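Reader: I am new to this structure and would like to know how its descriptions are justified. Could you take me through the reasoning?

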Amino acid sequence: MSARIDEIADGVVRISVHRPDGLPGGLVYNQFLIRGERPLLMHTGMRTIFPTVLEAASRVVDVAELAWISGGHASRPDEFGAVNEWLSVARGAQVVHGKVAVNVCLQHLADRRPVALADGEALDLGDGRRVRFYATPHVPFWEAGLLVDEATGTLFCGDLFTMAGDPPATTETDIIGPALDFEARMKHFTVSAHVAPTLRRLASLQPRVLAAMHGPAYLGDGPAALTTLAEHYDAVTSLSATPRAAA
């Protein structure tokens, strides 16, 4: 097993591990490092891939100097499965996420007390760089939340735009079609009335890069992609709310 390392935006590095097992074509697991005086790791990866990700990350930053560790949702092993392994090598690092994820999951999972962020709260990485947390409950899971790197406009969009296989590090081609194909096969997304408004809120942030957990980083029109996805879930929720005619 090996990791691919690509800088997808200024100071934002994608570390990608492709696992061919589990489903046709397999799936990539992406971790992201944001450089700064106080670097941040987005997604820990599973414990099984920790040695591979650690070796790759060590080529990008001094991992002992990591200050922050975060993810999209706290209840899945690809997001926080190796959190304690990372805390053991980054002894000054703090785990950060929203209040729900901290209270329900992370305070019981992490060996070091996590920091709970309010919706819209920013973290200072130094060198004039900040990331901001946005709560996204039920998108895709109830304790979810996402980060935006304000320096580059990179939205770390978690399981949004998931696609199978081992795609390139970046793309400007269609990401909606592959994501909907994956959802049709796997049914992994929580479909509720929360989805479309949350996606439109993320679109209003005008992200310039969409950094997916399972797929390429999208360098095209990020707000348009999020809006199109919102329109899809508008249609899905409208259809599910329509009463069926009596037989």
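Author: Gladly! Let me start with a term: helices and strands are DSSP runs, at least four residues for a helix and at least two for a strand, numbered from the N terminus. With that in hand, Gly11 is placed in the loop between β1 and β2. Please keep in mind that this is a predicted model.

Reader: Why is Gly11 called buried?

Author: Buried means under 20% relative accessible area. Gly11 has a relative accessible area of 6%, so it is buried.

Reader: Which residues is Gly11 in contact with, leaving aside its neighbours within four places in sequence?

Author: Contact means heavy atoms within 4.5 Å. Beyond those sequence neighbours, Gly11 is in contact with Leu33, Ile34, Arg35 and Arg129. For Arg35 there is also a C-alpha separation from Gly11 of 5.2 Å, although the two are 24 residues apart along the chain. Gly11 takes a positive phi near 80° in the hairpin of β1 and β2, which has 2 residues between the strands.

Reader: How do you know that β1 and β2 pair?

Author: Two strands pair if DSSP finds at least two bridges between them. Here 6 bridges join β1 to β2, and these strands run antiparallel. In this pairing, Ala3 stands opposite Val17 in β2.

Reader: What makes β1 and β7 edge strands?

Author: They belong to an open sheet of 7 strands with mixed pairing, in the order β1-β2-β3-β4-β5-β6-β7. β1 (3–9) and β7 (115–117) are its edge strands, as each pairs on one side only. Between neighbouring strands of this sheet the average turn is 25°, direction ignored. At the β7 edge, 3 bridges join β6 (residues 94–98) to β7, and the two run parallel. Gly98 stands opposite Leu117 in β7.

Reader: What does helix α1 touch where it packs on the sheet?

Author: Helix α1 (residues 50–58) touches β1, β2 (12–19) and β3 (27–34), and its direction makes about 155° with that of β2. The buried residues of α1 are Phe50, Thr52, Val53, Leu54, Ala56 and Ala57. Their cover includes β1, β2, β3 and α3 (83–89).

Reader: Is there a second sheet to look at, and in what order do its strands come?

Author: Another 7 strands form an open sheet, in the order β8-β9-β10-β11-β13-β14-β12, again with mixed pairing. Its edge strands are β8 (122–126) and β12 (170–171), each pairing on one side only. β12 and β14 (residues 217–218) run parallel and are joined by 2 bridges. The cut-off for a pair is at least two bridges, so this number is enough. Thr171 stands opposite Tyr218 in β14.

Reader: What makes the contact between Glu150 and Arg132 a salt bridge?

Author: A salt bridge needs a side-chain nitrogen of Lys or Arg within 4 Å of a carboxyl oxygen of Asp or Glu. The side chains of Glu150 and Arg132 meet at 2.6 Å, N to O, so they fit that rule. Glu150 lies in the loop between β10 (145–149) and β11 (154–158) and Arg132 in strand β9 (residues 129–135), so the pair ties together parts that are 18 residues apart in sequence. Arg132 is buried, with a relative accessible area of 17%, while Glu150 is partly exposed at 33%.

Reader: Why is Glu37 called exposed, and why is Arg38 called partly exposed?

Author: Exposed means over 50% relative accessible area, and partly exposed lies between that and the 20% limit for buried. Glu37 has 52%, so it is exposed. Arg38 has 31%, so it is partly exposed. Their side chains meet in a salt bridge of 3.9 Å, N to O. Glu37, Arg38 and Asp124 are linked in a network of salt bridges. A search of the whole structure finds 12 salt bridges.

Reader: What ties helix α7 to helix α6?

Author: Asp234 forms a salt bridge with Arg200, with the closest N and O atoms 2.7 Å apart. Asp234 lies in helix α7 (residues 222–241) and Arg200 in helix α6 (residues 195–204), so the pair ties together parts that are 34 residues apart in sequence.

Note on methods: Residues are numbered from 1 along each chain as its sequence is written. This is a predicted model: local features need pLDDT of at least 70, side-chain atom pairs count only at pLDDT 80 or more; totals for chains, interfaces and linings use all residues. Side-chain values use heavy atoms; hydrogens and water are left out. Axes are lines fitted to C-alpha atoms, for helices over the stretch in contact, and angles run from 0 to 180 degrees between N-to-C directions. Buried means under 20% relative accessible area, exposed over 50%, partly exposed in between (1.4 Å probe, protein chains only).
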